Amino acid sequence: MLDPKLIRNQLEEIAERLTVRGYTLDTNTLSELEDKRKALQVETQELQGQRNTHAKLIGKAKAAGEDIAPLLKEADAFGGKLASCEEELKALQKQLSDVLMAIPNVPHSSVPRGQTEDDNIELRTWGTPKTFDFEPKDHVDLGIGVGLLDFETAAKISGSRFSIMKGAMARLHRALIQFMLDTHINEHGYNEVYVPYIVNADSLRGTGQLPKFEEDLYKLRGEKELYLIPTAEVPVTNMYRDEIIPEQELPYRFTCHTPCFRSEAGAYGRDVRGMIRQHQFEKVELVQFVKPEDSYNALDGLLQCAETILQKLELPYRVVTLCGGDLGFSATKTYDIEVWLPGQEKFREISSCSNFEDFQARRMQARYRPAGKKKAELLHTLNGSGLAVGRTLVAVLENYQNENGSITVPDALQSYMGGVTEITSC
């Protein structure tokens with residue numbers, strides 16, 4: 001959530017910065033609500049002052065043995081009017097809060113203008129896409145060809161956009177998870193955490209999925225308002241909701257493997273083939289809590305951690321800076337890593353690494369206490385995929401395919417595969 005003080009004092013400037021996203025801030029409504037709030041606030045404070053003064057008069061009259069009945073009658077009138085003002089102010093503050101909760105984060109000054117992914121800016125590339133002396137297949141044909149990927153049975157069991165992996169394919173998927181976790185823990189200094197896959201609504205509001213993106217979530221039926229997680233970002237980031245961290249303990253760096261569940265309501269008709277966009281998939285997530293002055297260096301470091309995985313797997317990729325129109329709701333700046341997929345002959349997103357500054361922390365009241373100070377301050381939060389496991393599997397299948405339909409196991413994964421060097425038909 002944006003700082004309400006910025007909305008009060010820099011409304012036009014914030015509105016202008018949000019245009020980088022293609023977002024039009026309703027400044028008239030916000031100004032009207034804020035003017036009403038100020039007027040009600042003043043009236044409420046005046047009535048509270050009058051009530052306090054009246055209470056003193058009653059006390060003095062009572063001590064002097066005077067008749068206080070007229071004063072009590074006036075106090076009742078004050079009390080009724082004050083209660084009405086306080087209730088109205090509370091409702092107006094709730095209305096303002098709801099409006100603020102629906103406003104996306106302000107883009108960083110370095111974020112380019114643009115509306116779609118076509119307007120993103122390529123920052124760098126790594127590796128050279130392999131030239132095949134045969135027509136490369138996509139991961140669907142490769143997986144079905146070796147008999148280890150089954151979409152039809154998954155559709156029978158659950159519906160479209162699910163998959164079943166068997167044998168060496170399932171092991172390769174598991175190997176990728178272990179390889180990613182080991183790299184981030186042993187080489188990058190992240191602490192591994194295991195978290196719930198079911199969260200409450202407060203957690204989703206804290207990271208920005210609610211209220212705006214409820215249609216993309218899987219909500220559970222029951223007495224409590226609970227949801228399946230769309231990403232490990234939600235439970236891991238909310239570990240420090242309503243907490244104050246001592247400055248000397250920062251930064252906190254966590255890695256976490258979880259399944260992720262998304263209804264993909266906003267992606268109807270996109271990537272219906274194969275494993276690119278599924279309702280259930282796995283990710284290894286990277287989450288950081290840092291001091292505000294450290295967050296952009298932390299973003300660069302987080303990005304490098306995610307890139308390392310692809311470099312170790314020798315998968316060509318590029319890094320792009322997202323334009324304003326392609327930014328996620330809570331992010332102020334995002335880098336996407338896009339891996340090369342020979343079967344599609346294009347780069348496809350495999351990781352998004354984002355800085356949210358204090359946007360999520362304000363919603364969660366996640367703070368730290370600077371050394372020697374009494375007042376706590378808001379943290380900056382960051383997260384990124386390190387990496388999306390299913391899409392990494394897709395990239396391995398397509399980049400390491402052989403003409404006979406087999407798939408060579410990358411060197412970095414062979415120890416996790418029990419020495420298996422090639423996946424062939426089951």
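Me: Which residue in S11 stands opposite Glu 122?
Reply: Keep in mind that we're looking at a predicted model. S1 and S11 run antiparallel, with five bridges joining them. In that pairing, the residue of S11 that stands opposite Glu 122 is Val 320.

Me: With which residue do the side chains of Glu 122 form a salt bridge?
Reply: Opposite charges are the thing to look for here: side chains of opposite charge can pair when their charged atoms come close. For Glu 122, the N to O distance in the pair is 3.1 Å, and the cut-off is 4 Å. The partner is Arg 318.

Me: How many residues apart are Glu 122 and Arg 318?
Reply: The two side chains meet in a salt bridge. Glu 122 is in strand S1 and Arg 318 is in strand S11, so-called distant parts of the chain. Along the sequence, the separation is 196 residues.

Me: Is Glu 122 buried, exposed or partly exposed?
Reply: Buried means under 20% relative accessible area and exposed means over 50%. The relative accessible area of Glu 122 is 45%, so it falls in between. Arg 318, at 23%, gets that label too. For Glu 122 the answer is partly exposed.

Me: Why is S11 called largely enclosed by the rest of the structure, and how many of its five residues are buried?
Reply: S11 pairs with S12 in the antiparallel sense over five bridges, and Tyr 317 has Val 339 as its bridge partner in S12. S11 is largely enclosed because, of its five residues, the number that are buried is four.

Me: Which strands are at the edges of the open sheet?
Reply: The sheet has eight strands with mixed pairing, in the order S1-S11-S12-S13-S16-S10-S9-S4. An edge strand pairs on one side only, so look at the two ends of that order. The edge strands are S1 and S4.

Me: Which residue in S16 does Ser 354 stand opposite?
Reply: S13 covers residues 346–355, and S16 covers residues 380–388. These strands pair in the antiparallel sense over three bridges. The residue in S16 that stands opposite Ser 354 is Asn 383.

Me: At about what angle does helix H12 run to S16?
Reply: Helix H12 is made of residues 389–399 and packs on the sheet. Its contacts there are with S10, S12, S13 and S16. The direction of H12 makes an angle with that of S16 of about 35°.

Me: And at about what angle does helix H10 run to S16?
Reply: Helix H10, residues 295–312, lies across S1, S10, S11, S12, S13 and S16. Its angle to S16 is about 5°.

Me: Which residue of H10 forms a salt bridge with Arg 124?
Reply: The closest N and O atoms of this pair are 2.4 Å apart. Arg 124 is in strand S1 and its partner is in helix H10, so the pair ties together parts that are 183 residues apart in sequence. Arg 124 is partly exposed at 32%, whereas its partner counts as buried at 4%. That partner is Glu 307.

Me: Where does Glu 16 sit, and which residue is its salt bridge partner?
Reply: The N to O distance in this pair is 3.2 Å. Glu 16 is in helix H2 (residues 11–18), and its partner is in the loop between helix H4 and S1, 97 residues apart from it. The partner of Glu 16 is Arg 113.

Me: How many salt bridges are there in the count?
Reply: Some of them link up: Glu 264, Asp 271, Arg 277 and Arg 348 form a network of salt bridges. The count comes to 22.

Me: What span should helix H7 have?
Reply: H7 has 20 residues, and the expected span is 1.5 Å times one less than that number. The end C-alpha atoms lie 28 Å apart, which agrees with the expected value. That expected span is 28 Å.

Me: Is Thr 381 buried or exposed?
Reply: Thr 381 lies in strand S16. Leaving aside neighbours within four places in sequence, its contacts include Thr 237, Phe 289 and Met 364. Its relative accessible area is 1%, so it counts as buried.

How values were computed
Residues numbered from 1 in each chain as written. Predicted model: local features only at pLDDT ≥ 70, side-chain atom pairs only at ≥ 80, totals over all residues. Heavy atoms only, no water. Contact = heavy atoms within 4.5 Å. Axes fitted to C-alpha atoms, helices over the stretch in contact; angles between N-to-C directions. Buried < 20%, exposed > 50% of the residue type's maximum accessible area, 1.4 Å probe, protein only.
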